[in-house]
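Thanks for sharing this one. Here are a few notes to read alongside the structure, starting with the aromatic residues and ending with the pocket.

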Amino acid sequence: MSGRPKIFDDEEVLNKAAEIFWRQGYEATSTEDLLAAMGIGKGSFYLAFKGGKKELYEKALSQHSDQAIAQFRRELDASADPVEYIRTFFRNVAQSTKSRHQKGCIFGNAVAELSNIENPMMKKAAVHLQELETLFLDALLRGKKQGTLHSKLEPALLARILLNNWNGLGITRRIYPDNEALGELIESQLKILG
């Protein structure tokens, strides 16, 4: 006998968990919060996530990253001008709702929250941000080859600067959740691309 069958969709449950972790943070999210958000019972939770909240958090972050990176990659590959795609990616931040601004970046939040309390999990979150940096670099290299990147800085340094700008926006948008103010800030940051 293999036990009771699972009666929930993994992807859906992980998306719901990621959403609550994103809003509340790892430490402030209780198992009860997660069970209510995911719509599953305690038995099913511990059967599916033997490592409890920590395992769920890692899986939720990983799935969220995989989805976001895959979407970025698809859109980047479909774009005629990869440098303009980066500009659009950043400009879209200034099109968000106030509630979205208040959440910041799920991975930046994880790095900031976990750096002093759960270093191995923080490092896993940092890897997701480094994947974004790699995508920036791929886009910039393609833009340099196409002649659409006009910055005199090396693409690797530019990619790191863009990641730094992304991380900063994750905090700044919480402080100033105003699209007009964010738009001005983003435009000034994008000047680095030439």
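1. Let me begin with Phe136, which is buried, with a relative accessible area of 0%. Please keep in mind throughout that this is a predicted model.

2. Phe90 is also worth a look: this residue is buried too, at a relative accessible area of 1%. Both values fall under the 20% that marks a residue as buried.

3. How are the rings of Phe90 and Phe136 arranged? Their centres are 5.7 Å apart and their planes meet at 25°, so the pair counts as stacked; the limit for stacking is under 30 degrees. In the chain, the two residues are 46 apart, with Phe90 in helix α5 and Phe136 in helix α8 (residues 119–146), so to speak a link between distant parts.

4. Stepping back, the structure has 13 aromatic pairs. One of them joins Phe72 and Tyr85, with 5.1 Å from centre to centre and 85° between the planes, an edge-to-face arrangement. Phe72 belongs to helix α4 (residues 52–78) and Tyr85 to helix α5 (residues 82–91), so this pair ties together parts that are 13 residues apart in sequence. Both Phe72 and Tyr85 are buried.

5. These two pairs are pieces of one picture. Ring pairs connect Phe72, Tyr85, Phe89, Phe90, Phe136 and Trp166 into a cluster. I would suggest displaying those six side chains together.

6. Two lysines also deserve a glance, as each sits over an aromatic face. Lys103 lies over the face of Trp22, at 4.0 Å from the ring centre. Lys53 lies over the face of Tyr26, at 4.4 Å from the ring centre.

7. Now to the largest pocket, whose volume is about 570 Å³. Which residues come closest to its centre? Of the 24 that line the pocket, they are Ala68, Phe72, Phe89, Arg100 and Trp166. Among these, Phe72, Phe89 and Trp166 are also members of the aromatic cluster.

8. Several helices share the lining of the largest pocket: α4, α5, α7 (106–114), α8 and α9 (155–175) each give two or more residues. Helix α4 contributes the most, with seven residues.

9. Finally, the make-up of that lining: by class there are 13 nonpolar, eight polar and three charged residues. Arg100, one of the residues closest to the pocket centre, belongs to the charged class.

Terms used: Residues numbered from 1 in each chain as written. Predicted model: local features only at pLDDT ≥ 70, side-chain atom pairs only at ≥ 80, totals over all residues. Heavy atoms only, no water. Phe/Tyr/Trp six-rings, centres within 6.5 Å; stacked < 30°, edge-to-face > 60°. Helix = DSSP H or I, 4+ residues; strand = E, 2+ residues; numbered from the N terminus. Buried < 20%, exposed > 50% of the residue type's maximum accessible area, 1.4 Å probe, protein only. Lys NZ or Arg CZ within 6 Å of the ring centre and 35° of its normal. 1 Å grid on protein atoms, 1.4 Å probe; cavity = no way out; pocket = protein on both sides within 12 Å on 5 of 7 lines; lining within 4 Å. Points joined across faces, edges and corners; volume = space filled by probe spheres on them.
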